[in-house]
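Please walk me through this model stop by stop. For each stop, tell me what to select and what is found there.

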Amino acid sequence: MGHKGAVTSLAMSPDGKYLASASTDLSIILWDLASGRQVKAMTGHTSLINSLAFSAESSMLVSGSCDWTVRCWDVKGPGGLRPRNGAKDEIQVEGFGLASRGSLSGLGGNKEEGKLPEGGVDNADKTPSNESVDLVATFPTKRTPIVNVHFTPRNLCLVAGSYIPVPEQASGTAL
């Protein structure tokens, strides 16, 4: 067991029970430090995972990735892959005050302010099938690879990344 690629980030839980490791195989593995055994694998990122951080009470793990997302994981809950046709309970936040269940912008999500669509989304709707059930929330950025995530002692999550602007194209130019 373990990762199938190089380890890119490590984080130890504040209670000293867990070690989380991220890898180039796009997975996060939670390890029990007392036994040295793997507790579960958490999946859902689509690009390199740069940073991991535990909440102050060690119940939440946050990851930052080159896929332009920050993802929140339930440490205490069960692991395993999400059923392909099952409903998704995770919340994905798009900008300030706009939340949707089930898909990122551009992949078919409901964009009505304050309204969370019901039901599930599966592979037919282009949602990644590698998400594990312990994925609680996904926070997409505007073209910003996340290089560092950190929890403060007051349990606030700080995130750092570099914005990558969209190159402007000359209008009226034929390709």
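## Stops along the chain

Begin with the hairpin of β11 and β12, where five residues lie between the strands and Asn155 has a positive phi near 70°. Select Asn155 by itself: this residue is not a glycine, yet its phi is positive. Its place is the loop between β11 and β12, and with a relative accessible area of 29% Asn155 is partly exposed. As background, most residues other than glycine have a negative phi.

Now show the two strands on either side. β11 covers residues 146-151 and β12 covers residues 157-161; the two are antiparallel and are joined by five bridges. To check the register, pick His150, whose bridge partner in β12 is Leu158.

Stay in β11 and select Phe151. Is Phe151 buried or exposed? Phe151 is buried, because its relative accessible area is 14%, and the cut-off for buried is under 20%. Show its surroundings: leaving aside residues up to four places away in sequence, Phe151 touches Ala53, Phe54, Ser55, Met60, Val62, Leu156 and Cys157. Draw a distance from the C-alpha atom of Phe151 to that of Ser55; the two atoms are 5.9 Å apart, although 96 residues separate them along the chain.

Next, select strand β5, residues 49-54, which has the highest mean pLDDT among the elements of the protein chain, 97. Five of the six residues of β5 are buried. Add strand β6, residues 60-65, which runs antiparallel to β5 and is joined to it by five bridges. Leu52 has Ser63 in β6 as its bridge partner. The hairpin of β5 and β6 has five residues between its strands, and Ser58 there has a positive phi near 65°.

Move on to the loop between β6 and β7 and select Trp68. What is the phi of Trp68? The value is about 70°, positive although Trp68 is not a glycine. Trp68 counts as partly exposed, at 30% relative accessibility.

Turn to the charged side chains, where three salt bridges are counted. Select Asp67 and Arg71: their side chains form a salt bridge with an N to O distance of 3.7 Å. Asp67 is buried at 13% relative accessibility, and Arg71 is buried at 4%. Add Glu131, whose side chain meets that of Arg71 in a salt bridge of 3.8 Å, N to O. This pair connects distant parts of the chain, with Arg71 in strand β7 and Glu131 in the loop between β9 and β10, 60 residues apart. Glu131 is buried too, with a relative accessibility of 2%. Asp67, Arg71 and Glu131 together form a network of salt bridges.

Then select Asp134 and Lys40, which form a salt bridge with their closest N and O atoms 3.1 Å apart. Asp134 is in the loop between β9 and β10 and Lys40 is in strand β4, so this pair ties together parts 94 residues apart in sequence. Asp134 and Lys40 are both buried.

Finish by colouring by confidence, since this is a predicted model. The mean pLDDT of the protein chain is 78, and 69% of its residues reach 70 or more. Select residues 94-126, where the pLDDT is below 50; in the model this stretch has 62 contacts beyond near neighbours in sequence. Strand β9, residues 99-101, has the lowest mean pLDDT among the elements, 38. Where pLDDT is low, the predicted coordinates should not be read in detail.

Notes:
Residues numbered from 1 in each chain as written. Predicted model: local features only at pLDDT ≥ 70, side-chain atom pairs only at ≥ 80, totals over all residues. Heavy atoms only, no water. pLDDT = per-residue confidence, 0-100. Helix = DSSP H or I, 4+ residues; strand = E, 2+ residues; numbered from the N terminus. Contact = heavy atoms within 4.5 Å. Buried < 20%, exposed > 50% of the residue type's maximum accessible area, 1.4 Å probe, protein only. Pairing = 2+ DSSP bridges. Salt bridge = Lys/Arg side-chain N within 4 Å of Asp/Glu carboxyl O.
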